[in-house]
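Q: Hi! I have a structure open here and I'd like to talk it through with you. Can we start with the empty space inside?

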Amino acid sequence: MTTGDVKARDPRKQRTIDALLAAAEQVFARRPVDEVTVEEIAERAGVAVGSIYNNFGSKAGLHAAVVERALDVDREYMDRAYTPDRSPVEQLEAAAEQYLRFYLEQPEFFRMLAFPAPLGNYSAAAETAARLAHRVDEQNARMIDAIERGIAAGLIRPLDARKAAKVLWASWNGVISLAWRPDELREDEEGLAELLSLAADLVAWGLRRA
């Protein structure tokens, strides 16, 4: 069940749905689905447990709705990067910037997609996992396309575009994950921006045709 499947009929119902989604985002981003109970989600949202079943059918339905919402928000950020007015290399640089914005402004969603917690053994888990992987793959496909267009235009040296896109995605995740370190290696927002800017510069020069 996606967010679109739970359209509210009145403002009060919509407030309940929004509260449940917000509460679920926080717990599902950090813990395996199997460890999360409907009782704690309902308590965090300030609503009755029955509201979960009435609006989403089950805990699995609520989790699927949260994942779908995270994927939609991620796409909105990436849409801002892959604009036709930019060259392929500029699109890749903008994608790194928007990925950071996604983390800073939507940290729960970012963690859910970049570092997903185990989905558990409930019946719909495999379907949700496949959906998540497919949509993340779709976003990486945009990087692959930009790299291939750059190669065709002579802006990027010939290389395996699919592997290069995976390296870029993994390196961005690695840089951003420094924000979660508990030691002196932790980076704040300014530090992350500087590191990703440097990474984008290194990528731009590393991809260029000699």
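A: Happy to! A word to settle beforehand: a cavity is a set of grid points where a 1.4 Å probe fits but cannot get out, and its volume is the space filled by probe spheres set on those points. Also keep in mind that this is a predicted model.

Q: Got it. How many cavities of 30 Å³ or more does the structure hold?

A: There are three of that size. The largest cavity has about 150 Å³ of space.

Q: Which residues lie nearest the centre of the largest cavity?

A: Those are Asp74, Tyr99, Gln139, Asn140 and Trp169, out of 14 lining residues.

Q: And which helices supply at least two residues each of that lining?

A: Helix H4 (59–79), helix H5 (88–105), helix H6 (107–114), helix H7 (125–152) and helix H8 (161–176). The largest share comes from H7, with four residues.

Q: What is the lining like by class?

A: It has 11 nonpolar residues, two polar ones and one charged one.

Q: You mentioned Gln139. Where is it found?

A: Glutamine 139 sits in helix H7. Setting aside residues up to four places away in sequence, it touches Asp74, Arg75 and Met78.

Q: Does glutamine 139 count as buried or exposed, and why?

A: Buried, because its relative accessibility is 10%, and the cut-off for buried is under 20%.

Q: OK, zooming out. How many helices and strands are there in the chain?

A: Nine helices and zero strands. From the N terminus on, the order of elements reads α-α-α-α-α-α-α-α-α.

Q: What box do the C-alpha atoms of the chain fill?

A: Roughly 65 × 40 × 35 Å, taken along the principal axes. The chain has 210 residues, and 43% of them are buried.

Q: What about the surface of the chain?

A: The accessible surface is about 11100 Å², and carbon and sulfur atoms account for 51% of that.

Q: And contacts between residues that are far along the sequence?

A: Take the contacts in the chain between residues at least 6 apart in sequence: 65% of these join residues at least 24 apart.

Q: Can you give me a residue to look at for that?

A: Try methionine 112, which is in helix H6. Methionine 112 and valine 27 are 85 residues apart in sequence, while their C-alpha atoms are 10.0 Å apart in space.

Q: Which residues is methionine 112 in contact with?

A: Leaving out neighbours within four places in sequence, the contacts are Glu25, Phe28, Ala29, Val66, Val67, Ala70 and Leu132. Methionine 112 also counts as buried, because its relative accessibility is 4%.

Q: Phe28 is on that list. How far is its C-alpha atom from the one of glutamate 90?

A: 34 Å, with the two residues 62 apart along the chain. Glutamate 90 lies in helix H5.

Q: Why is glutamate 90 called partly exposed?

A: Because its relative accessible area is 40%, and partly exposed covers the range between under 20% and over 50%.

Q: Last topic: which residues does the UniProt annotation "DNA-binding region" cover?

A: Residues 37–56, according to an unreviewed UniProt entry. That stretch is 75% helix and 0% strand, and its end C-alpha atoms are 14 Å apart.

Q: Where does UniProt place the feature "domain: HTH tetR-type"?

A: At residues 14–74, and that also comes from an unreviewed entry. In the model, this span is 75% helix and 0% strand, with its end C-alpha atoms 23 Å apart.

Terms used
Residues numbered from 1 in each chain as written. Predicted model: local features only at pLDDT ≥ 70, side-chain atom pairs only at ≥ 80, totals over all residues. Heavy atoms only, no water. 1 Å grid on protein atoms, 1.4 Å probe; cavity = no way out; pocket = protein on both sides within 12 Å on 5 of 7 lines; lining within 4 Å. Nonpolar A, V, L, I, M, F, W, Y, C, P; charged D, E, K, R; others polar. Buried < 20%, exposed > 50% of the residue type's maximum accessible area, 1.4 Å probe, protein only. Contact = heavy atoms within 4.5 Å. Areas by Shrake-Rupley, 256 points an atom, 1.4 Å probe, with all protein chains shown as cover. UniProt positions renumbered as here; feature names shortened; annotations may be inferred.
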